[in-house]
Amino acid sequence: MSPKEPRKPHGAIAPDVERFAFTPENLEKAKAVIARYPEGRQASAVLPLLHLAQDQHGGWLPQAALDYVAELLSMPRIKVYEVASFYDMFHLEPTAPIKVRVCTTTPCWLCGAEEVLKACREVLGCEVGENSPDGRFFLREFECLGACANAPVMWIGEDYFEDLDYERTKAVLEAIKRGERPKPGPQSGRRGSMPAGGKTTLLDLD
Amino acid sequence: MPKVVINGKEYEVPAGITVFQACELAGIEIPHFCYHPRLNIAGNCRMCLVEIERSPKPVASCAMPVADGMVIRTDTPLVHKARKGVLEFLLINHPLDCPICDQGGECDLQDLTLFYGPDHSRFRENKRAVADKYLGPLISTHMTRCIHCTRCIRFLEEVAGVPELGAVERGEHMEITNWLERALTSELQGNVIDLCPVGALNSKPYAYRARSWELTKVESIDVMDAVGSNIRVDVRGNEVMRILPRLHEDVNEEWISDRSRFAYDGLKRRRLDVPMLRKAGRLEPVDWREALRALRERMAGLPGERIAFIVGDLACCESMLLVREFALRLESPHVDCRQDGAKLPASPRAAYLFNTSIRGIEEADLCLLIGTNPRWEAPLINARLRKRWRRGGFQVARIGASFDLTYPVEHLGDSPKLLERIAKGRHPFTKRLKAAERPMLILGMGALARPDGAAILHLARRIAESCGLVREDWNGFNVLHTAAARVGGLDLGLVPGEGGLDVAGILAAAERGEIELVYLLGADEIEVERLKGAFVVYQGSHGDRAAPHADLILPGAAYTEKNATYVNTEGRVQRARRAAFPPGEAREDWKILRAVSEAVGRTVPLDDLWAVQRRLVEVQPMLGRLDVVEPGAWGAFGEAGPVSDAPLSSPIQDFYLTNPICRASPTMRRCSLEILQGAPPPQEELALLGATGTHG
């Protein structure tokens, strides 16, 4: 992706590149982030900058991007590789821009994460750890997403989709596939993580 | 000072140390893997767990500061259980390949498992296997054995200043790597082999050559640079198998440079092992008798002023003493130990010493580097400078060619004219030197081995005197030598006598036919081709640059093959010990010179090493006082004169190939190609890396 081109949120897999540079807007953002830290401590900005680079490059980090961030922050390259490989949110292999992350840790698994995964496989047409054939989705399992009260949970883009089952998962994914943005949060109709059978306390509150 | 109770006994320990260090002071050993006194604390191996009263869980002692009134216990059932547990966890993924592992016999994991570990494993699943990494020509890897102590990462980052290793991924998937599988570029990388507590990082040249318990260990001194690193030479039979560092806090701490560690395979190659004489244009092997006879015939009736001696960079004091005595008896004034042409006087002593001393660097607060690249000329002095810089409050400035020294250096320029301005106070740096409490300057051979070297030396002395570098309690004037023989040679006065010629003069005179015989004692860094007109005698250990041009070759001993005295750049006198015998007909160098002097009828009456070393002390009393640094006498030196505008640079063009032994070493050659010239690694070696090292 050339630096000038705007980010395509629903595009295909971005190619591996020899060179990487922030777009002017992203460079501004990066500078603002770096300025948050005291002189000589620019390395603290590595996580936000890696996220910025990953977003710009369509959802994954080619090596050129890691080297670029390292140079921007005057860090040894290996230190950036360490960070990028440590966190699961960074992708170092070509992956599609829309990440479908299904929580399969115990509470979600007990509440039917397997069904959610099955729906994902069917709608996206790929296995866990693979890109969908249309090059738009990347399906993966994820360790605890921290929303156990609304298990099972799936995390796509910036949204959590909760209280899923087979049908609801299918509906969410198909809507995204059509280019819509389905309502995030519990898909069962309940509010937040209130009891599934309706309120039991604070009844006078709306 | 806090008082602590360790295992029921009360101790008073310095404030600010850790529980681990307090226990060490109390003489109690705590098993550990990741802790290392010269590296930052990582606290990730969990082997050093101890019990501390009022702490609900066992505590990692290496990362716990002592506090007043702490009650520490290191021998409770809980501690033993914790150690056993940690070892059982470490061994879950550690292969049981000790019988084929190079670390076997000197492995921390092996030793600690024997003392503290469980006797069997309860782990029935598959062990994890990690692909080996390519780290260059010096370090071989078996990453399945790695226990992730991160000592190698911390060493390269903190001591060497070349952060190239890192830990990628996390948890069970964590791997130590240089990511792109390129050769490491540090000159000190070999030390990670010693630091590695298991067999994950091993010496590539030593791989599968010997077992540690079958080696004879000889404590000796290194000659690859002028630092005089303390080394241990491990030999089997008559073969040097490897070289390791030996602890000396004032010199090399516990590190050595890669040249010191890996150049030993050069000791087995290109050796001169039989005397050779040029007959009808060809060098032919002869026996000692014939060699000496030929020399006697050639020298008969030759007046002293037609004979010259040039001493090389690896010569020991004993052989240099014989050169001195022999030249005196021949009445030859043409003796020089400065084969690079450095304009250094033989007195006062402070003029050619690293006066601040290597340890003294740690007290300095400002350093000016003049025509030197310490990273290549003396990696361990550079490591000291870096150590000082890391503590803060230390600035380094440079006059000379730029080079990454692993710490920030302010570049003042590269012309020696700047020295004139600093000396006259017309440069802002003068003020900073005067304001500094303990300023130092380091004068490299790049500044002295040039036609205006004496003038530069003079300027440096003037700066030292006028800016408060030389005081009663502090001497910040330093000369950084690159040759192990140089200080010893200057101590023995191996500079041209009255009417004598220096190296450049000898070369010119030989071309004019005024000098008819040139005796080279291991001198390979000169333009030997220019000696065509003269009869060249080469005494040395390697068939390097000079030997092919010699008319007579007398095979000598290398530094591991003789009991010999060396003086390092600080003026520290140290003794190397014989670890092996010279090959074939080669002999110790002082013996050869002794025989030569007798053969030509000018016998030097020193018949054994004891007599030689006694005479050494007579000539230069300093040489009898081992392993001390005595302040050298200060005085006038250098010659006032104009300096040219030619930029200053380091004399070393290739770190790995600086002397005959390095140049004969295939390992050093490969380092030069891969690390400095960027040649690709050999394909056959990369092909082996797909394997995980332990699956057969």
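**View 1. The start of chain A, where confidence is low.** Over residues 1-10 of chain A, pLDDT stays under 50. Within this predicted model, that stretch has 14 contacts beyond four places in sequence. A word of care for anyone zooming in here: where pLDDT is low, the predicted coordinates should not be read in detail. For chain A as a whole, pLDDT averages 89, and 94% of the residues score at least 70.

**View 2. The open, mixed sheet of chain A.** Follow the strands across and you will meet six of them, in the order S2-S3-S1-S4-S5-S6. The sheet is open and its pairing is mixed. At the edges stand S2 (130-131) and S6 (185-186) of chain A, each with a single partner strand, so one side of each has no neighbour in the sheet.

**View 3. A parallel pair in chain A and the helix that packs on its sheet.** Strands S1 (residues 98-103) and S3 (residues 137-142) of chain A run parallel and are joined by six bridges. To find your place along the pair, look for A:Cys103, which stands opposite A:Phe142 in S3(A). Helix H6 (residues 113-124) of chain A packs on the sheet, where it touches S1, S3 and S4 (154-156) of chain A. The direction of H6(A) makes about 155° with that of S1(A).

**View 4. Strand S1 of chain B and its two faces.** In a regular strand the side chains alternate between the two faces of the sheet. Strand S1 (residues 3-6) of chain B shows such an alternation. B:Val4 and B:Ile6 point to one face and are buried, while B:Lys3 and B:Val5 point to the other and are not buried.

**View 5. The partners of S1 in chain B.** With strand S2 (residues 9-12) of chain B, S1(B) pairs in the antiparallel sense over four bridges. Here B:Val5 stands opposite B:Glu10. The hairpin of S1(B) and S2(B) has two residues between the strands, and B:Asn7 takes a positive phi near 50°. With strand S5 (residues 71-73) of chain B, S1(B) pairs in the parallel sense over two bridges. In S5(B), B:Val71 is the bridge partner of B:Val5.

**View 6. Where chain B meets chain A.** Seven residues of chain A are in contact with 10 residues of chain B. The chain B side of this meeting has five nonpolar, two polar and three charged residues.

**View 7. The domains of chain B.** Chain B is divided into domain 1 (3-92), domain 2 (98-268), domain 3 (276-343 + 486-624) and domain 4 (355-480). Between the C-alpha centres of domain 1 and domain 3 of chain B, the distance is 57 Å.

How values were computed. Residues are numbered from 1 along each chain as its sequence is written. Chains are lettered from A and ligands numbered from 1 in the order in which they are written. This is a predicted model: local features need pLDDT of at least 70, side-chain atom pairs count only at pLDDT 80 or more; totals for chains, interfaces and linings use all residues. A residue is buried if 20 or more other C-beta atoms lie within 10 Å of its own, exposed if 12 or fewer, and partly exposed in between; C-beta atoms are placed from the backbone. Two strands pair if DSSP finds at least two bridges between them. Two residues are in contact if their C-beta atoms, placed from the backbone, lie within 7 Å. Axes are lines fitted to C-alpha atoms, for helices over the stretch in contact, and angles run from 0 to 180 degrees between N-to-C directions. Ala, Val, Leu, Ile, Met, Phe, Trp, Tyr, Cys and Pro count as nonpolar, Asp, Glu, Lys and Arg as charged, and the others, Gly among them, as polar. pLDDT is the predictor's confidence in each residue, from 0 to 100. Domain bounds come from an automatic or database domain assignment.
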